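Let's look at a few labels attached to this model and ask what stands behind each one. Here is the structure to keep in view.

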Amino acid sequence: MKHLYTAGEAQRWRRRASLVLFVSLGAVAAALTTDIVLCTRVSTGNAQQLLLWVIALFTLAGWAAILLLWFVYVPAKAQAEHIGGMLAEEPQLLEGVLTIHRESFHIPRSVTVRKATLVTVEGEKSLHISAALARQLPAGGGKLRLMTVRRFITGFEVIA
C-alpha cells in the first residue's frame, strides 16, 4: 500500500510555514529598525529625502510580508493541518475502479482538491484527492484498493 500522507511530510510543511512566518516578521522588523535609524539622522536639509526613504522602505517590507504570508504561509499551514488531520483519523478501505475528474476546487482555508469517483460492487462513491497528490495515482482505470479518511484518498494499492 502506497501512503500519500506521511508524518514527515506534515512536519516539512509545518517547518516551511514557520520559516516563512519568521522571514516575514524579520523583514518587517528589519525595515522598522532601519527606519528608526534613518529617523535619528534627520536634519532640516535631508528631511524630505529621508521621509521618502522611510515610506518606501516600510511600504516595500510590508508588501513583501503580506505577499509571503498570503501566497506561501497560509497554503503551507493549510497543507500541514490537512495532512495532520488525515493522519489523525482511522482510514477506511475501499476497492473498485477509480476515475479522477479534471476539475479542481479550493476548500476555503484548506487545500485544493480534485473529485474522484470510485465504482465499487455497492455502487459509485464520490471521493476527493488533494490536487498536488492526484498525479501519484495510477492513470488507466485499473482496480485499486484505497485508504480513505473523510472521503479523501490517503493511500492506494493496485490490485489487478
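Q: Where is Arg-109 placed?
A: Arg-109 sits in the loop between β2 and β3. Bear in mind that this is a predicted model.

Q: Why is Arg-109 called exposed?
A: Its relative accessibility is 82%, and exposed means over 50%, so Arg-109 counts as exposed.

Q: What makes the phi of Arg-109 worth a look?
A: Arg-109 is not a glycine, yet its phi is positive, at about 60°. Most residues other than glycine have a negative phi.

Q: Why is Arg-151 called partly exposed?
A: Partly exposed covers values between the 20% and 50% cut-offs. Arg-151 has a relative accessible area of 42%, so that label applies. Arg-151 lies in the loop between β5 (143–149) and β6 (152–158), and its phi is positive too, near 70°.

Q: How do you know that Ser-110 is in contact with Ala-78 and His-82?
A: Contact means heavy atoms within 4.5 Å, and Ser-110 meets this with Ala-78 and His-82, its neighbours within four places in sequence being left aside. Ser-110 itself belongs to the loop between β2 (92–106) and β3 (112–120).

Q: What lies in and around the largest pocket?
A: The largest pocket holds about 310 Å³ of space. It is lined by 19 residues, and those closest to its centre are Pro-75, Ala-78, His-106, Ser-110 and Val-111.

Q: Which element supplies the largest share of that lining?
A: That is α2, with eight residues. By type, the lining divides into twelve nonpolar, five polar and two charged residues.

Key: Residues numbered from 1 in each chain as written. Predicted model: local features only at pLDDT ≥ 70, side-chain atom pairs only at ≥ 80, totals over all residues. Heavy atoms only, no water. Helix = DSSP H or I, 4+ residues; strand = E, 2+ residues; numbered from the N terminus. Buried < 20%, exposed > 50% of the residue type's maximum accessible area, 1.4 Å probe, protein only. 1 Å grid on protein atoms, 1.4 Å probe; cavity = no way out; pocket = protein on both sides within 12 Å on 5 of 7 lines; lining within 4 Å. Points joined across faces, edges and corners; volume = space filled by probe spheres on them. Nonpolar A, V, L, I, M, F, W, Y, C, P; charged D, E, K, R; others polar.
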